[in-house]
Amino acid sequence: MIKTKQADLSRRKFLATTGAAGVATLASPAILRAAGSPIKIGMPTILSGRVAILGETASVGAKMAVDTFNAAGGIDGRMVELVIRDSKGKPDEAAKVTRDLLSSDGCALILNGEASGGTFAVHEVVRDTKTYCMHTISETSALTADPANRAPWVFRSARQGIHDAISGGLYASQLAKAGATRWATCSPDYAYGRDTTAEFMEFLAVFAPEVELVGETWPKIFQPDYTENITNLLNFAPDALYSCLWGGDLVAFFDQSSLYGLFDQFQTVAVNMGDVPVLEAIKNLPSGIHSGNRYHKDIPDTDANEAWNTSFRESGQLPTNWAWQTYTGAQFVLEALKETKGETGHEKLADATRGRTIDSPFGVNGTVTLREADNTLVDYAIGYGQTVSEAPHMEGFQPTGWDVIADHEADWMKRKNYL
Amino acid sequence: MLRLDHLVKKFGGLTATNDVTLDFPAGTLSAIIGPNGAGKTTLFNQITGHLVPTSGKIVFAGEDITGMKPAAIVRKGIGRAFQVANIFPTMTVEEALASAVSAHAHAAFELSSAFPRRDVKTRTEELLALLGMEPVARRISGEISHGDQKLLDVGLALALDPKLLLLDEPAAGMGPEERWQMMDTVQRLWKSQNMTLIFIEHDIDLVFRTAEIIHVLRYGAVLASGQADEIRGNPEVIEAYLGSETDATEADSREEPA
Amino acid sequence: MLNIDALMNCFGNSACLVTQSATGLIIGMLLFLVASGVTLIFGVLHVVNFAHGAFYMIGAYAAYSAYGVTGNYYLSVLAGAVAAAIVGVLFERLAISRVYKENLLMQLLVCYAFVLICDDAVKIIWGAEYLAMGIPSEFRVPPLRIAGGVVPPFYLFLAGSALAVAILSVILIRYSRFGKIVRAAAENATMVSVLGIRVPLYFAALFGLGCALAGMAGALAAPVRSLTPGMGLSILIESFIVTVIGGMGSIPGALLAAILLGFTRSFGSVGFPLFVDGAMFLMMVVILVFRPQGLLGERMVR
Amino acid sequence: MNLAHPFVRAAGLALVCFVLLIVLALVYPGTWLLDTLTGLFASGLLVMSLHLLVGYTGLVSFGHAAYFASGGYIFGMFLQTPDIVAAFGAWSVPVATLLALLGTGLFALVVGLICARLSEIYFAFLTLAFQMLLVSVIQGLVQYTGGDQGLMGGIPRPEFLGLDMVQVKDRFVFSAFLFLAGVLVIRLVTLSSLGATLRMVRDNEVRTAFLGVNTYRVKVLAFTIAGAVAGLGGVILAILTSAAYPEWAGWAVSGEAIFTIMLGGLHSFYGPLVGVVVMRFINDVTLIYTTHTDLAKGVAILFVVLVLRRGILDWIIDLRAARRGRKEDDNVSRALSKAGKEAEDAAS
């Protein structure tokens with residue numbers, strides 16, 4: 001039931017925009033539903049710009065889940081249809097696209113494939129319109145951790161920054177113990193970059209109190225030239241660098257940094273390095289960069305993961321962090337739809353989603369769960385390793401246990417007054 | 001009404017206005033003539049505040065207006081029309097005149113009245129009649145004939161009810177027939193509006209026929225002043241200007257049509 | 001927001017001073033190359049080329065493709081410049097030349113349309129996702145150390161060639177027969193065409209030259225910047241800041257302003273890291289308010 | 001009441017439109033059209049107010065989006081302050097709207113005082129620079145503006161006069177009111193004596209000064225009014241999206257607004273509104289076939305600028321005028337030939 005984007009849009013959009021527009025569209029969702037027509041899931045994601053490749057893989061991930069579901073008969077024969085739209089990675093565009101998906105495309109719920117910037121915009125829309133929503137990409141902790149942001153019918157199937165920070169802090173404390181005590185940071189200047197960096201440094205200090213922050217530099221998101229940031233890092237003369245740059249920005253940063261021999265001068269922890277397309281795009285990948293796992297076919301090293309990896313690659317794309325997260329998010333949504341028998345009311349769907357555990361190739365123990373307390377994903381494989389210049393590009397992986405994460409996360413929430 | 005007192009304007013090494021002292025009594029119709037580059041327009045620009053004199057004084061209605069801004073000088077009651085018709089090309093004739101009247105009626109910033117205000121409309125209709133422009137009132141200013149555009153320019157200046165009106169070559173760029181008509185209109189306006197009028201013209205015949213008093217400029221300085229007969233008989237003027245530029249007989253023969 | 005200490009420390013430390021100064025010059029030179037194209041076109045044709053960033057992008061993408069085929073970086077840079085020049089001449093002939101006499105608004109719109117079309121065309125030809133060209137092998141060498149400061153040889157090459165090409169084109173405009181004809185035609189096109197010279201071709205060539213400078217800048221920078229549709233925007237804005245600060249139409253002004261901006265970026269990131277962009281716009285505002293003709297501009301404005 | 005008075009007619013038209021829109025809201029069963037129109041109201045005020053500058057005063061501002069964003073931010077930041085909302089209660093939204101209008105007007109006044117001294121291209125660049133400066137300020141003051149994320153956490157919009165801004169219909173009615181009020185203000189300006197002065201400045205600034213008008217003040221005044229009305233547009237969008245984003249002040253918004261005016265028609269009052277609708281149409285129709293909407297927009301611009309050489313509404317008006325002209329010619333020639341025939345008949 002997955003059609004191409006264009007074909008998908010055409011009928012609906014055409015109705016919406018030609019003369020008679022109004023009445024026809026207005027009436028249609030109800031009629032279609034009565035006739036057992038497909039349930040539409042709207043998906044805003046980034047399909048242009050420097051991170052378009054991630055948006056593409058997210059689309060493939062969501063489609064995989066929906067295809068499998070429809071092939072297995074859907075909801076008693078009723079199909080599910082994805083409507084995917086380019087949000088261009090801009091918050092205002094993401095908000096606009098989401099509203100359009102709901103009001104002119106007749107989507108009943110949102111599978112949000114936007115990065116952090118746009119996610120908060122989408123979040124406002126679904127809170128405002130009381131629409132069931134699954135955020136699949138944003139890792140910004142405050143999205144679900146801060147009670148002020150929560151909405152009971154909104155979920156997150158992505159990693160959470162705080163989980164990575166605990167895992168990364170624990171891992172990096174070993175570097176600190178080995179003498180790397182002077183740290184600098186270079187992260188993108190927006191919510192995700194600021195929050196993630198602050199959380200990482202916070203936990204690094206928890207596990208290795210001797211660490212000192214000697215300087216930070218904040219390039220703008222999608223900044224073309226990092227020269228001034230790089231030379232600034234040289235001036236800080238740290239023992240180690242932390243960066244949460246990602247996608248094309250990370251590639252450009254690495255290419256430019258290599259001219260300055262940056263990676264010979266200190267240790268580098270680049271949390272988003274572990275995405276396969278990024279690893280392959282950097283033309284001369286330095287070895288020994290520390291990175292979190294984003295998506296890796298050997299983490300966890302199971303048959304299910306291996307099989308998923310193989311079938312994903314049939315799309316012609318390389319699997320990414322965005323891909324598994326969107327796939328997982330779509331799985332949760334579909335399971336919930338099945339339980340409500342296709343009803344899309346936000347409360348009903350939310351009740352069917354909250355606290356649910358599903359089988360997953362990405363779970364440490366073969367399952368992942370949407371934690372009941374804060375509607376966020378737990379039990380996914382998480383840990384740190386090092387890059388190597390040859391495929392599979394990652395080695396020395398050290399997983400972090402979820403008991404450790406849970407303890408520290410609880411402490412952190414207390415410190416933040418989130419509890 | 002207007003007195004220029006030892007007016008000097010220098011551009012670098014060039015003296016455009018050289019110690020000009022002139023008096024324009026109230027209610028007179030004067031002309032300033034002189035060959036190209038004699039400094040006629042420069043003189044006007046100083047009177048209207050577009051240029052600041054290097055030295056000397058400009059006194060209007062007993063008040064020293066030297067160095068004032070153009071807009072302030074306009075409000076004192078000096079109106080001006082330009083050598084090249086200086087109009088509002090996309091507005092209709094009626095609209096342009098009404099806008100000028102409106103500005104004069106202190107309504108330029110008025111938001112409370114619809115345009116044109118009733119008194120503005122009445123005055124605009126008077127002006128249109130005075131100028132004889134009713135037939136083209138609804139046409140776009142940029143699309144009417146050259147002569148009408150010049151007339152509109154004069155009309156814009158008249159809209160300000162000036163005590164003193166300066167016309168810079170009102171008949172420039174027109175055919176012979178039109179020129180005579182234009183000067184007749186100027187004379188008629190002057191008579192009916194009870195104002196002081198100064199115009200620049202380099203066509204000596206038009207000047208002799210129209211003006212009461214004539215001032216001849218050369219190289220920025222006053223060469224001669226007087227009534228038509230005095231100027232006509234002044235040997236210096238004949239030598240410097242008349243003899244060299246116009247043929248006397250030809251000029252005489254042109255006095256016929258009216 | 002302000003970190004005077006860090007700035008003072010940097011001035012007192014030769015390593016930091018050398019590194020940051022070099023950074024300023026590197027950023028400045030590339031900007032100068034782009035801005036000199038803008039200012040050249042404005043100075044002669046009096047057209048504000050709002051589409052200049054698109055030519056930067058075209059240069060970068062053309063270089064990427066050429067590098068893929070030839071594997072030769074220098075050839076790729078040439079290809080980038082040539083591609084931008086060709087598109088520039090076509091754009092001038094088909095669109096911009098029709099609005100030379102129109103007002104600013106029309107020129108702006110034509111350029112805006114061209115930028116939209118180019119960005120989507122790039123998406124169609126090269127795809128929407130980022131591309132990375134990678135650093136040519138001859139430049140994969142350790143950076144130079146000068147008085148404790150760090151300077152990569154690749155950037156030396158980049159800044160050097162940018163400066164050289166920009167200056168060469170100025171000499172071309174000022175002293176060659178081509179330059180003299182173009183400038184004369186800009187003053188009085190009718191007179192020059194009476195002499196039997198086909199003025200439109202000369203205008204097109206000059207426009208193409210300006211675009212080639214942008215294209216070359218894009219090609220030069222391609223190895224270290226990830227290529228995306230719309231990548232021309234930020235460099236366009238910066239080069240306009242440079243052009244306005246230096247004075248519209250003044251090449252020496254553009255050089256001065258480009259270096260000024262480069263240093264603002266490099267030392268600003270030490271002293272006031274969060275307000276670097278703001279500082280650039282503020283400089284532009286101050287210049288426009290107090291000296292609208294720019295630092296070295298000659299045209300009277302008001 | 002004088003029904004022939006232009007002000008009365010304009011206000012009457014606005015009132016009729018308002019009633020029609022309320023009826024639409026009542027009978028329309030869904031949300032799509034209402035939300036779409038609400039969005040169009042926001043961009044409508046942006047382009048209509050810019051048109052007052054570009055079309056009526058001849059001031060090409062590249063930075064008009066700054067005032068649009070300013071309206072949205074003032075509105076949002078005011079309502080996101082709990083103490084203020086507690087103090088104003090049910091009047092919070094109207095007060096915030098008024099504040100956004102006045103605050104934006106003040107902001108535009110300050111910028112206008114600086115920019116109006118410059119001519120053409122330098123004016124354009126300076127307005128652009130102020131817009132960019134505003135974007136960096138918004139992005140820099142993270143703790144107040146949410147930086148690049150925009151105003152996060154939603155904008156509280158307490159119910160007032162029985163209107164709840166979370167409801168599509170209520171929100172639509174209030175936005176329609178703001179929109180019509182904004183358009184009416186601009187309409188009254190263009191119909192007033194000030195409007196005539198604006199057109200004089202556009203046509204010939206020097207001559208206007210020579211009629212004793214302080215043209216600098218005229219330009220500043222136009223800039224201020226246009227800015228304030230644009231701010232009202234920002235308020236509508238902030239109500240619709242329950243947020244405000246720095247992109248609203250971006251150059252792309254300004255650029256698209258200028259294009260929308262040109263597309264619709266520079267010389268007719270309602271041209272920009274036609275432009276807004278057509279723009280949305282181009283966007284939605286091209287989305288059916290391709291994601292490359294920019295390409296379609298670019299081609300449309302080139303067509304309008306290079307082929308039509310005027311906006312759509314201007315083109316239609318000119319076309320009708322030309323046809324009427326031809327008709328008159330026809331009448332004349334018919335009359336002439338008739339006269340000729342009669343003369344022939346008489347002769348024979």
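Domain bounds here come from an automatic or database domain assignment. The model is predicted: local features need pLDDT of at least 70, side-chain atom pairs count only at pLDDT 80 or more, and totals for chains, interfaces and linings use all residues. Residues are numbered from 1 along each chain as its sequence is written, and side-chain values use heavy atoms, with hydrogens and water left out.

**Exercise 1.** State which segments make up each domain of chain A, and how far apart the C-alpha centres lie.

Solution.
1. Domain 1 of chain A joins 5-160 with 300-378, and domain 2 joins 162-298 with 381-415.
2. The C-alpha centres of these two domains are 29 Å apart.
3. In contact (heavy atoms within 4.5 Å) are 34 residues from domain 1 of chain A and 31 residues from domain 2 of chain A.

**Exercise 2.** Find the area that the two domains of chain A bury between them.

Solution.
1. Buried area is the accessible area (1.4 Å probe) that two parts lose on being put together, summed over both.
2. For domain 1 and domain 2 of chain A this comes to about 2,800 Å², with 56% of it on carbon and sulfur atoms.

**Exercise 3.** Count the salt bridges across the interface of the two domains of chain A.

Solution.
1. A salt bridge needs a side-chain nitrogen of Lys or Arg within 4 Å of a carboxyl oxygen of Asp or Glu.
2. By this rule, three salt bridges cross the interface of domain 1 and domain 2 of chain A.
3. Arg159(A) and Asp164(A) form a salt bridge, with 3.0 Å between the closest N and O atoms.

Notes. Chains lettered and ligands numbered in written order.
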